[in-house]
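This briefing goes through one chain by topic: overall form, helices, core and cysteines. Please keep the sequence and the structure in view while reading.

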Amino acid sequence: MGDFEWACFAAQQGAEKVVKALHMKLGTIACGHSVFELLDGLSEDLKPKESLMELAKSLDKFYIPPRYPNAHPSGPPYKFYTSKEATEAIKAAKEISKYCEGKILETG
């Protein structure tokens, strides 16, 4: 539909929620909104590979700017996000979700 800024934000939100679900399953406390920090807060044996951590960092950049009309030097957010960014954000969120869902199922 062309709502690329919203797709980027929604991808970040989805990844954030699934990592928090993993923390809940493990009985650990998960505060904040950074996907990277939430993953980094997992125990060493559960932390994902660096490549997944990099995807988390890329998603974190979509937490605030897509939602606020004054987050960019000029113009509304929809003018600054592309189909490519939205596609990559959704792909990143799916990879993080797959990782977390796998860990949730492993813990029974």
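**Overall form**

A compact globule of 108 residues would have a radius of gyration near 13 Å, and the chain agrees with this at 14 Å. The model is predicted. Its secondary structure consists of four helices and zero strands, in the order α-α-α-α from the N terminus.

**Dimensions and surface**

- Taken along the principal axes, the C-alpha atoms of the chain fill a box of roughly 45 × 25 × 20 Å.
- The accessible surface is about 6600 Å², and carbon and sulfur atoms account for 59% of that area.
- Of the 108 residues in the chain, 36% are buried.
- When contacts between residues at least 6 apart in sequence are considered, 57% of them join residues at least 24 apart.

**Helices α1 and α4**

- The 23 residues of α1 should span 33 Å at 1.5 Å a residue, and the end C-alpha atoms of α1 are 33 Å apart, which agrees.
- G27 comes just after α1 and has a positive phi of about 80°.
- For the 24 residues of α4 the expected span is 34 Å at 1.5 Å a residue, in agreement with end C-alpha atoms that lie 35 Å apart.
- G108 follows α4, and its phi is also positive, near 70°.
- The buried residues of α4 are A86, A89, A92, A93, I96, S97, Y99, C100 and K103.
- These buried residues of α4 pack against α1, α2 and α3.

**Nonpolar core**

- The largest nonpolar core has 26 residues, and those touching the most other members are V19, V35, L39, L59, I96 and C100.
- At least two residues of this core come from each of α1 (4-26), α2 (35-40), α3 (50-60) and α4 (83-106).
- Beyond its neighbours within four places in sequence, L59 is in contact with A11, Q12, A15, A89, A92, A93 and I96.

**Cysteines**

- Zero disulfides are found in a search of the whole structure.
- C100 is in no disulfide, with the nearest cysteine sulfur, that of C31, 16 Å away.
- The sulfur of C31 cannot be bonded to that of C100, its closest cysteine sulfur, because 16 Å is too far for a bond; the cut-off for a disulfide is 2.5 Å between sulfur atoms.
- Which of these cysteines is buried and which is exposed? C31 is exposed, with a relative accessible area of 65%, whereas C100 counts as buried at 0% relative accessibility.

Technical notes. Residues numbered from 1 in each chain as written. Predicted model: local features only at pLDDT ≥ 70, side-chain atom pairs only at ≥ 80, totals over all residues. Heavy atoms only, no water. Core = buried A, V, L, I, M, F, W, Y, C linked by side-chain atoms within 4.5 Å. Buried < 20%, exposed > 50% of the residue type's maximum accessible area, 1.4 Å probe, protein only. Contact = heavy atoms within 4.5 Å. Expected span 1.5 Å × (residues − 1). Rg over C-alpha atoms; globule rule 2.2 N^0.38 Å. Areas by Shrake-Rupley, 256 points an atom, 1.4 Å probe, with all protein chains shown as cover.
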